[in-house]
Amino acid sequence: MGDRLIWLIRQNRQHLHPIRQGKRIVRKLLTQWKWVTSKHYREAIGRLRTSQAAYQQTEPLYSNRAILLIAEASIPQCLKYRVQQRQDCLAELGVPSTWIPWQNTEACLRALQTHSAVIFYRTPLFASVKELVRESRRLGLPIIWEVDDLIFDAAVLRATPTLQDLDRHTFRGLIKGADLYRRALKAADAGLASTTCLAGAMAEAGSFPVHVVHNSLDGHTLELAEQILRARASNNDGLTRIVYGSGSNTHNHDFKQASPALLELLGAYPNLRLRLIGELQLDREFDHFADQIERFKPRDYAGYLALLAECQINLAPLEHGSFNDCKSNIKWLEASALGI
């Protein structure tokens with residue numbers, strides 16, 4: 001206090017009469033003292049100290065670079081290629097990670113407190129996800145939004161014939177969901193995509209950098225393929241099989257791109273078999289070759305690869321269009337792992 005008084009006198013002595021100068025200094029000191037001892041000041045200092053303590057407690061967590069993946073887990077192949085493989089990549093870099101379904105809001109909120117960045121994979125911006133985004137912002141975490149399909153552009157979805165085979169209720173839900181996905185994308189700081197084409201569409205919609213992380217062959221897939229290939233060597237019935245795996249009921253138009261050639265081949269080669277795995281509607285012309293068509297219901301991943309490995313040719317036709325241009329190369333990877 002004494003030092004403050006001396007400083008004020010020195011600052012003002014050439015301008016004021018000593019008595020007036022003294023009164024003004026006293027008024028300044030009293031005003032400052034009243035403010036410093038006020039309730040609002042004490043509360044502000046208390047909040048500052050609390051925030052500082054909280055930061056000091058969480059600071060070591062940021063140095064660990066732990067990554068949280070908040071993900072949609074209902075599609076098995078998406079979970080494998082975009083969540084589990086992401087964790088494998090991070091582990092190779094020495095970065096710990098955790099993944100939690102986005103529907104488990106409480107678990108996600110708790111996990112956000114102990115991670116240094118968050119990746120939202122294929123999440124729509126429902127109220128619960130919006131809450132997770134707000135908490136991520138409050139904690140200062142970088143937010144990355146990841147996707148492997150062009151599901152955030154309603155105009156493209158409406159113009160995609162492949163999707164128009166869906167029932168009306170499902171199709172309307174898809175169009176409505178596009179806006180929610182787009183909002184989630186725009187709430188992020190950066191993006192991850194499975195293809196270059198998809199990355200371009202994301203960057204245009206989000207106005208932020210988007211990085212491409214391609215689907216890849218992971219250790220689990222290669223191990224399964226090796227086991228299956230050893231068994232395949234002793235299982236040859238002399239037939240030639242063309243296989244098509246349909247991951248959902250939206251691939252009817254895609255398959256039609258190959259239908260004319262397949263019908264011609266089935267007619268020309270009696271020892272040729274067409275193997276279909278999953279949901280698919282065939283044109284009536286295929287009824288003539290019913291005894292050359294093998295149908296299988298969807299299997300788990302190991303079972304799917306085993307069915308694939310019994311074939312010689314793997315089909316991956318796609319109808320031309322913006323939606324399919326963004327598709328990734330999963331069918332190529334699986335076929336190459338099995339040498340077909």
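**Exercise 1. Find where S259 sits in this predicted model, and decide whether S259 is buried or exposed.**

Solution. Start with the secondary structure: S259 belongs to helix α12, which covers residues 259–268. Next, take the accessibility. S259 has a relative accessible area of 4%, and buried means under 20%, so S259 is buried. Now look for partners beyond the neighbours within four places in sequence: S259 is in contact with D283 and F286. To finish, check a distance to L282. The C-alpha atoms of S259 and L282 are 8.6 Å apart, with their positions 23 residues apart in sequence.

**Exercise 2. Describe the surroundings of N215: which side chains make polar contacts with the side chain of N215?**

Solution. First place the residue. N215 is in the loop that runs between β6 (210–212) and α10 (219–232). With a relative accessible area of 5%, N215 is buried. Then take the polar contacts one by one. The side chain of N215 has a polar contact of 2.8 Å with the side chain of R82, and another of 2.9 Å with the side chain of S328. Finally, widen the view to contacts outside the four places on either side in sequence: the partners of N215 are Y81, R82, Q85, S194, S328, N329, I330 and L333.

**Exercise 3. Stay in that loop and work out what the side chain of D218 contacts.**

Solution. D218, too, is found in the loop between β6 and α10. Its relative accessible area is 9%, and the cut-off for buried is under 20%, so D218 counts as buried. The side chain of D218 makes a polar contact of 3.0 Å with the side chain of K80. A polar atom of the D218 side chain also lies 3.1 Å from the backbone nitrogen of H220. Leaving out neighbours within four places in sequence, the contacts of D218 are K80, Q85 and D88.

**Exercise 4. Explain what the salt bridge between R122 and D148 ties together.**

Solution. Begin with the geometry: the closest N and O atoms of R122 and D148 are 2.7 Å apart. Then locate each end. R122 lies in the loop between β3 (117–121) and α6 (127–139), while D148 lies in the loop between β4 (143–147) and α7 (154–158), so the salt bridge links parts that are 26 residues apart in sequence. As for exposure, R122 is buried at 10% relative accessibility, and D148 is buried at 8%.

**Exercise 5. Describe two salt bridges that lie within helices: R183 with D179, and E226 with R230.**

Solution. Take helix α8 (residues 168–186), where R183 and D179 are four residues apart, about one turn of the helix. Their closest N and O atoms are 3.0 Å apart. R183 is partly exposed at 44%, and D179 is partly exposed at 37%.

Move on to helix α10, which holds E226 and R230, four residues apart, about one turn of the helix. The closest N and O atoms of this salt bridge are 3.3 Å apart. E226 counts as partly exposed at 49% relative accessibility, whereas R230 is exposed at 54%. Elsewhere, salt bridges with shared partners join D237, R241, R275, E294 and E310 into one network. The structure holds 14 salt bridges.

**Exercise 6. Characterise the packing of α13 against α15: what are the angle and the distance between their axes?**

Solution. Two numbers describe a pair of packed helices: the angle between the axes and the distance between them. Helix α13 (residues 301–309) and helix α15 (residues 330–338) pack at about 65°, and their axes are 10 Å apart. The handedness comes next: this crossing of α13 and α15 is right-handed. Last, list the residues that meet. From α13 these are Y301, Y304, L305, L308 and A309, and from α15 they are K331, E334 and L338.

**Exercise 7. Step back to the whole protein chain: how many helices and strands does the protein chain have?**

Solution. The protein chain has 15 helices and ten strands. Of its 340 residues, 43% are buried. Then consider contacts between residues at least 6 apart in sequence: 67% of them join residues at least 24 apart. To close, turn to the surface. The protein chain exposes about 19,500 Å², of which carbon and sulfur atoms supply 55%.

Technical notes:
Residues numbered from 1 in each chain as written. Predicted model: local features only at pLDDT ≥ 70, side-chain atom pairs only at ≥ 80, totals over all residues. Heavy atoms only, no water. Buried < 20%, exposed > 50% of the residue type's maximum accessible area, 1.4 Å probe, protein only. Polar contact = N/O pair within 3.5 Å; in protein donor to acceptor, adjacent residues only side chain to side chain. Contact = heavy atoms within 4.5 Å. Areas by Shrake-Rupley, 256 points an atom, 1.4 Å probe, with all protein chains shown as cover. Salt bridge = Lys/Arg side-chain N within 4 Å of Asp/Glu carboxyl O. Axes fitted to C-alpha atoms, helices over the stretch in contact; angles between N-to-C directions. Left-handed = near helix turned anticlockwise from the far one by under 90°.
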